[in-house]
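Trainee: Got a minute to go through this one with me? I'd like to start with the charged pairs.
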Amino acid sequence: MPRTLIRKNPNNFKTLPLFVEATPESLSYQSIGMPLNFSQTLQRRRKIEVENPERFSTELANLGVSVRLTLNWQNRDYWVLVRQRRRDRGDVVLKLISGYVPAHELNLPLHTAIQEVAEECLIETPQGWLSGRFNDTWLPAPYAAALRYREALPFRLSPLSGAARPVRCGSLTLIERPHAYVHLPTASLQLIYDMRLELPKEARPLSLFHVDESLENDELVARLNRSKPDLYLMPLENGSPLPELYTLKQDKLTPASTRGLYLAESFAAQEGWVVHEERIRWKDWLAQQGMTPKKKPGIKRRLTVGAKQLLRLARKKLHKS
């Protein structure tokens, strides 16, 4: 049964609309207008168009932030993806850890990004849930009232190499150089930070869970559902993703189905500074990356395996007789 971890009033969240100027060399944004609550922000997230994807000026509904998180586990790297039911868009996708940037952090979206990791990526050990650090900064423990956190063995977040083109908030160039795109269907600016998550070797066995907030009866509610971990690992080979997905529970990787799977728009093709798509099908993304899905054993192969097992049983019976 899902466990409620926290409840929030969505009207306490405030963000600001943006004015964005993009050139082939860089992108800058600044806040405009009055602060908006969660519902008002959703109302402004409507499709827009730009004539030139490399050079434009436009108003946007909000700033969003994502983390392309690379997890190192048992000497292998994995991307961390989470499942989200997007009620405002009527779909279910796998996406990067992400969230809305509040008004008071528009000039420091990196702070929002590391908080999203603490809120959405939960790491359980038999002795409790892991706390985290980003460089020398402790991450918040957002569910401390409901879960027991371990501070002695924190996981560690560190920045990876940033994007080539700079992004500025006003005249201030953002540190860690996030990748940026304007998502036309939602009139939003999205920043992606590349980060690495190192786990303490002593913290085992591990289980990974995703927790996200959903709007229920005018409340934002975060629940932990152990039967649906909703956090997925995509293995990397020499830094490139492989066409496989897994969940991790008690140090055991379990293959996850990709049938009918969609990925969020951050995986879709980008043209200049803009992304046109709402989402992309898993198999279309694989084709875009030049990958082919991992084949399952055919009927003939499964029958062969079954026949070998029957033969072994028959030999054991003959040996006993």
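Mentor: Sure. This is a predicted model. Start at Arg-281: it counts as partly exposed, because its relative accessibility is 35%.

Trainee: Which residue does Arg-281 form a salt bridge with?
Mentor: Asp-284. The closest N and O atoms are 3.0 Å apart.

Trainee: And is Asp-284 buried, exposed or partly exposed?
Mentor: Partly exposed. Its relative accessible area is 33%.

Trainee: How many salt bridges does the structure hold?
Mentor: It holds 16.

Trainee: Which residues are linked in a network of salt bridges?
Mentor: Arg-86, Asp-91, Glu-265 and Arg-279 are linked that way.

Trainee: What about Asp-194, which residue does it form a salt bridge with?
Mentor: With Arg-68. The closest N and O atoms there are 3.1 Å apart. The pair links distant parts of the chain, 126 residues apart. Asp-194 sits in strand β16, residues 188-198, and Arg-68 in strand β5.

Trainee: Why does Asp-194 count as partly exposed?
Mentor: Because its relative accessibility is 24%, and the partly exposed class runs between 20% and 50%.

Trainee: How far apart are the closest N and O atoms of Glu-49 and Lys-47?
Mentor: 3.8 Å, and the two form a salt bridge. Both residues are exposed.

Trainee: Switching to polar contacts. Where is Asp-251?
Mentor: In the loop between β22 (246-249) and β23 (252-255).

Trainee: Buried or exposed?
Mentor: Asp-251 is buried, at 17% relative accessible area.

Trainee: Which side chain does the Asp-251 side chain make a polar contact with?
Mentor: That of Arg-204, at 2.7 Å. Leaving aside neighbours within four places in sequence, Asp-251 is in contact with Trp-73, Arg-204, Pro-205 and Leu-206.

Trainee: Now the nonpolar side. How many residues are in the largest nonpolar core?
Mentor: It has 55. Those with the most contacts inside it are Tyr-29, Leu-157, Leu-189 and Met-195. Strand β5, residues 62-73, gives the most to this core, with six residues.

Trainee: What does Leu-157 touch?
Mentor: Not counting residues up to four places away in sequence, its contacts include Leu-69, Ile-114, Val-117, Phe-134, Leu-139, Met-195 and Leu-197. Arg-133, Asn-135 and Arg-196 are also among them.

Trainee: What's in the second core?
Mentor: That one is separate and has 21 residues. Leu-81, Tyr-232, Ala-268 and Val-275 are included.

Trainee: Where's Leu-94, and is it buried or exposed?
Mentor: Leu-94 is in strand β7, residues 91-95. It is buried, with a relative accessible area of 1%.

Trainee: Which residues does Leu-94 touch?
Mentor: Setting aside residues up to four places away in sequence, they are Leu-81, Val-82, Arg-83, Tyr-232, Leu-245, Leu-261, Tyr-262, Leu-263, Ala-264 and Phe-267.

Trainee: And how far is Leu-94 from Leu-122, C-alpha to C-alpha?
Mentor: 17 Å, with their positions 28 residues apart along the chain.

Trainee: Helix α2 next. What span should its 12 residues have?
Mentor: At 1.5 Å a residue, α2 (residues 109-120) should span 16 Å. Its end C-alpha atoms are 16 Å apart, so the two agree.

Trainee: How many of its residues are buried?
Mentor: 10 of the 12, so the helix is mostly covered. Glu-116, Glu-119 and Glu-120 are among the buried ones. So are Leu-110, Ile-114 and Val-117.

Trainee: Where is Tyr-100?
Mentor: In strand β8, residues 97-100. Tyr-100 counts as partly exposed, at 24% relative accessibility.

Trainee: What does Tyr-100 touch?
Mentor: Beyond residues up to four places away in sequence, it touches Phe-13, Phe-38, Thr-41, Leu-42, Arg-45, Asn-62, Leu-63 and Thr-112. Thr-112 is one of the buried residues of α2.

Trainee: And how far is Tyr-100 from Ser-188 in space?
Mentor: 9.9 Å, C-alpha to C-alpha. They are 88 residues apart in sequence.

Trainee: Last topic, cysteines. How many disulfides does a search of the whole structure find?
Mentor: Zero.

Trainee: Are Cys-121 and Cys-169 buried or exposed?
Mentor: Cys-121 is buried, at 6% relative accessibility. Cys-169 is buried too, at 16%.

Definitions and conventions. Residues are numbered from 1 along each chain as its sequence is written. This is a predicted model: local features need pLDDT of at least 70, side-chain atom pairs count only at pLDDT 80 or more; totals for chains, interfaces and linings use all residues. Side-chain values use heavy atoms; hydrogens and water are left out. A disulfide is a pair of cysteine sulfur atoms within 2.5 Å. Buried means under 20% relative accessible area, exposed over 50%, partly exposed in between (1.4 Å probe, protein chains only). A nonpolar core is a set of buried Ala, Val, Leu, Ile, Met, Phe, Trp, Tyr and Cys residues joined through side-chain atoms within 4.5 Å. Helices (H or I, at least four residues) and strands (E, at least two) are DSSP runs, numbered from the N terminus. Contact means heavy atoms within 4.5 Å. A polar contact is a pair of N or O atoms within 3.5 Å; within protein, one must be able to donate a hydrogen and the other to accept it, and residues adjacent in sequence count only if both atoms are side-chain atoms. A salt bridge is a side-chain nitrogen of Lys or Arg within 4 Å of a carboxyl oxygen of Asp or Glu. The expected span of a helix is 1.5 Å times one less than its number of residues.
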